[in-house]
Amino acid sequence: MQQNRLPGVPAPAPEVGKRFAAAGFELFLVGGAVRDQILGSSSDSEDIDLATDARPADILRLIEPIATATWRQGERFGTIGATVHGRELEITTYRSESYEPDSRKPVVGFGDDLRTDLSRRDFTINAMARDVVSGALVDPFGGVEDLVEKRLRTPLAPEISLDDDPLRMLRAARFAARLSLQFDRDLLESARRLARRLLIVSGERIFAELERLLLLPDPEIGLRFIWDAGVLSVALGDVPLPEYSSVASSVVAMRAEPPVDSAVRWAALCRLTGVDEVRLAASLRMSTVRRVELHRLLTTVLPDADDTPGLRRLLLDRGAGLPLRVVAVHRLVGAEPDDASAAFEDAYRRLLSEVTADRLRSPLGGGEVMELLGVAQGPIVGRALAHLEDLAVRHGPLSEDQARAALDRWNDSSSGSRPGENT
Ligand code: ATP
Ligand code: MG
């Protein structure tokens, strides 16, 4: 009955399914694609996840004749990737995995039945499948009902599920926030009890899940859950957090801070939790770009709105976009009175409409400076360029003529130690 209202299983899965059926194997569409079809929304990812009773060697044998590419990195875990008619497929042998108590690496056991495979998945809403040939829906744990009732539940007992894979606590936050779901009571209590299990999960994985949560337009439901359950405190490096009630309004405000800027939200999270961003970046193995971004968002000091040289210096040193993102952080955490932030933002946007960072840089290149000063390459060239920048910061952009004249004066004023010069 349900499948009548569902869209067709996306190509080329039905064609692949027929090949599997002819060889005596099952093939089901699984995971987020099924959930998103039931919700009537398009999937975030274009990948098609399929599950089968065929073992990896058989999957490969069946898919290779119609695939333009295959990849086998996941073969040990039962997954074969393939591109078929331009679509990427991941085909995974049914699992009946169990976990070592001190690791989240599943000890993979291949299984023979779909139901067991679905029972090992994170939430009932992600534990549904569709026969790729007939389109029939398989929903042994009431995923459709939970989507209708807006409930987040695990297929098996939550204390087992979260204990098996503590990362699911963060996934719970993400799905609840994304789909506006309520946490099943037992799930909430289990998360509270098992929060410390997250210590076995690698920093990269924690970062990736939290990042996905923070990229949602409104992460509030999820953040409140992990904050209250004590999960966030462990996720951020086992640090004590203030009461959620003291930050609730900031978290709610995230939804009104367009466009979604996850670095701004990470920065706000550092401020709200009191977590040191350098330690956090290291413990979550953030990329260098993210580290630098976060550090700048948290350490850039905004000048007063009427300090025009200060505004120019900021533009020169930090670029056009970053200071406005710093304002967004301040707004979220209520660090500055709102009118101070607004005045700065007005003044800075006015500056941006008048000048670019490039125009504050020296209009003369290094070669020309060397020629004008009659010097060879060396630190003096850098100092001369810095002097010209400094003049532009104080008085506004220089024309080439003004720059040449300024260099002459600078050269005359001192040929040795050059007092008064600013770097
Ligand atoms: P999205 O649309 O955000 O990609 P998704 O449901 O497809 O959501 P994925 O992380 O791509 O999420 O995972 C695909 C499927 O694999 C999930 O729907 C779920 O069935 C299963 N899964 C993923 N991670 C886990 C996990 N940690 N524990 C159990 N099942 C998981
Ligand atoms: Mg997915």
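In what order do the seven strands of the open sheet stand? In this predicted model, the order is β3-β4-β5-β2-β1-β8-β9, with mixed pairing. The points below treat the sheet, the helix that lies across part of it, and helix α2 with its residue Arg35.

**The sheet**
- β3 (69–71) and β9 (137–138) stand at the edges of the sheet; each has a single partner strand, so one side of each is left without a neighbour there.
- Strands β1 (residues 27–30) and β2 (residues 48–52) run antiparallel and are joined by three bridges.
- Within this pair, Leu29 stands opposite Leu50 of β2.

**Helix α1**
- Helix α1 (residues 13–22) lies across three strands, namely β1, β2 and β5 (87–93).
- The direction of α1 is at about 150 degrees to that of β1.

**Helix α2 and its surroundings**
- The buried residues in α2 include Ala33, Val34, Asp36 and Gln37, together with Arg35.
- Among the elements that cover the buried residues of α2 are the strands β1, β8 (129–131) and β9, and the helices α5 (143–149) and α7 (167–179).
- Gly40 follows α2 and has a positive phi, near 75 degrees.

**Arg35**
- Arg35 belongs to helix α2, which spans residues 32–39.
- Arg35 counts as buried because its relative accessibility is 4%, where the cut-off is under 20%.
- Beyond its neighbours within four places in sequence, Arg35 is in contact with Ile125, Asn126, Met128, Leu147, Phe175, Arg178 and Leu179.

Technical notes
Residues numbered from 1 in each chain as written. Chains lettered and ligands numbered in written order. Predicted model: local features only at pLDDT ≥ 70, side-chain atom pairs only at ≥ 80, totals over all residues. Heavy atoms only, no water. Helix = DSSP H or I, 4+ residues; strand = E, 2+ residues; numbered from the N terminus. Buried < 20%, exposed > 50% of the residue type's maximum accessible area, 1.4 Å probe, protein only. Contact = heavy atoms within 4.5 Å. Pairing = 2+ DSSP bridges. Axes fitted to C-alpha atoms, helices over the stretch in contact; angles between N-to-C directions.
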